Amino acid sequence: QVQLVESGGGLVQPGESLRLSCAASGSIFSIGNMGWYRQAPEKQRELVATTTTDGMANYADSVKGRFTISRDNAKNTVYLQMNKLKPEDTAVYYCYADIQRSGTLRRARSWGQGTQVTVSS
């Protein structure tokens, strides 16, 4: 079994910051790409940011320059630092990790349970 547990969501005012964390645990042999998606009400889930094993990052245009993704491979954890938050960033944020479980040959994507981020004055 593999589990991803997210934390760090909440209610903030426009211009403020939040840091999301997502820790993977269980029978993990290796982890490849990790990242974050988000889904706002009545909208499709969209990719926010991804990071490779060696730390290469990609971002959605809407968050470039405001969000930073990072990871701690020793802790099997990915982070999303969100600065200068806007009301349009309001969504449920989901982390993912491409995990090779112990005793298997391939990586499969696992998802976190989601954490609510609300940006409102």
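A residue counts as buried when its relative accessible area is under 20%, and as exposed when that area is over 50%. The model discussed here is predicted.

**Strand β9 and its partners**

By that cut-off, nine of the 11 residues of strand β9, which spans residues 91–101, are buried. The strand is therefore largely enclosed by the rest of the structure.

Which strands pair with β9? Strand β4, residues 28–39, is one partner; the two run antiparallel and share nine bridges. Within this pairing, I28 has R101 of β9 as its bridge partner. Strand β10, residues 107–111, is another antiparallel partner, joined to β9 by five bridges. Here I99 is matched with A108 in β10. Strand β11, residues 115–119, also pairs with β9 in the antiparallel sense, over three bridges. In that pairing V92 stands opposite Q116 of β11.

The link between β9 and β10 is a hairpin, with five residues between the strands. G103 sits in the turn and has a positive phi of about 85 degrees.

**The nonpolar core**

The largest nonpolar core holds 29 residues. Inside it, W36, L80, M82 and Y93 have the most contacts. Many strands feed this core: β1 (2–7), β3 (18–26), β4, β5 (46–51), β7 (67–72), β8 (77–82), β9 and β11 each supply at least two residues. Strand β9 gives the most, with five residues.

One general point helps when viewing the strands. In a regular strand the side chains alternate between the two faces of the sheet.

**Salt bridges**

How many salt bridges does the structure hold? There are five. Three of them are listed below, with the distance between the closest N and O atoms or from N to O.

| Basic residue | Acidic residue | N to O distance |
|---|---|---|
| R38 | E46 | 2.6 Å |
| R66 | D89 | 2.7 Å |
| R109 | D98 | 2.7 Å |

Take the pair R38 and E46, joined by a salt bridge. R38 is buried, because its relative accessibility is 6%. E46 has a relative accessible area of 34%, so it counts as partly exposed.

Next comes the salt bridge between D89 and R66. D89 lies in the loop between β8 and β9, and R66 in the loop between β6 (57–59) and β7, so the pair ties together parts that are 23 residues apart in sequence. Are these residues buried or exposed? D89 is buried, because its relative accessibility is 1%. R66 is buried as well, at 9% relative accessibility.

The last pair in the table is R109 and D98, whose side chains meet in a salt bridge. This pair links distant parts of the chain, since R109 belongs to strand β10 and D98 to strand β9, 11 residues apart. R109 is partly exposed, because its relative accessible area is 39%. D98 is buried, at 13% relative accessibility.

Which residues are linked in a network of salt bridges? They are R38, E46, R66 and D89.

**Picture of β9**

Strand β9 thus appears in several roles. It pairs with β4 over nine bridges, with β10 over five and with β11 over three. It gives the most residues to the largest nonpolar core. It also carries D98, the salt-bridge partner of R109 in β10.

Notes. Residues are numbered from 1 along each chain as its sequence is written. This is a predicted model: local features need pLDDT of at least 70, side-chain atom pairs count only at pLDDT 80 or more; totals for chains, interfaces and linings use all residues. Side-chain values use heavy atoms; hydrogens and water are left out. Buried means under 20% relative accessible area, exposed over 50%, partly exposed in between (1.4 Å probe, protein chains only). Helices (H or I, at least four residues) and strands (E, at least two) are DSSP runs, numbered from the N terminus. Two strands pair if DSSP finds at least two bridges between them. A nonpolar core is a set of buried Ala, Val, Leu, Ile, Met, Phe, Trp, Tyr and Cys residues joined through side-chain atoms within 4.5 Å. A salt bridge is a side-chain nitrogen of Lys or Arg within 4 Å of a carboxyl oxygen of Asp or Glu.
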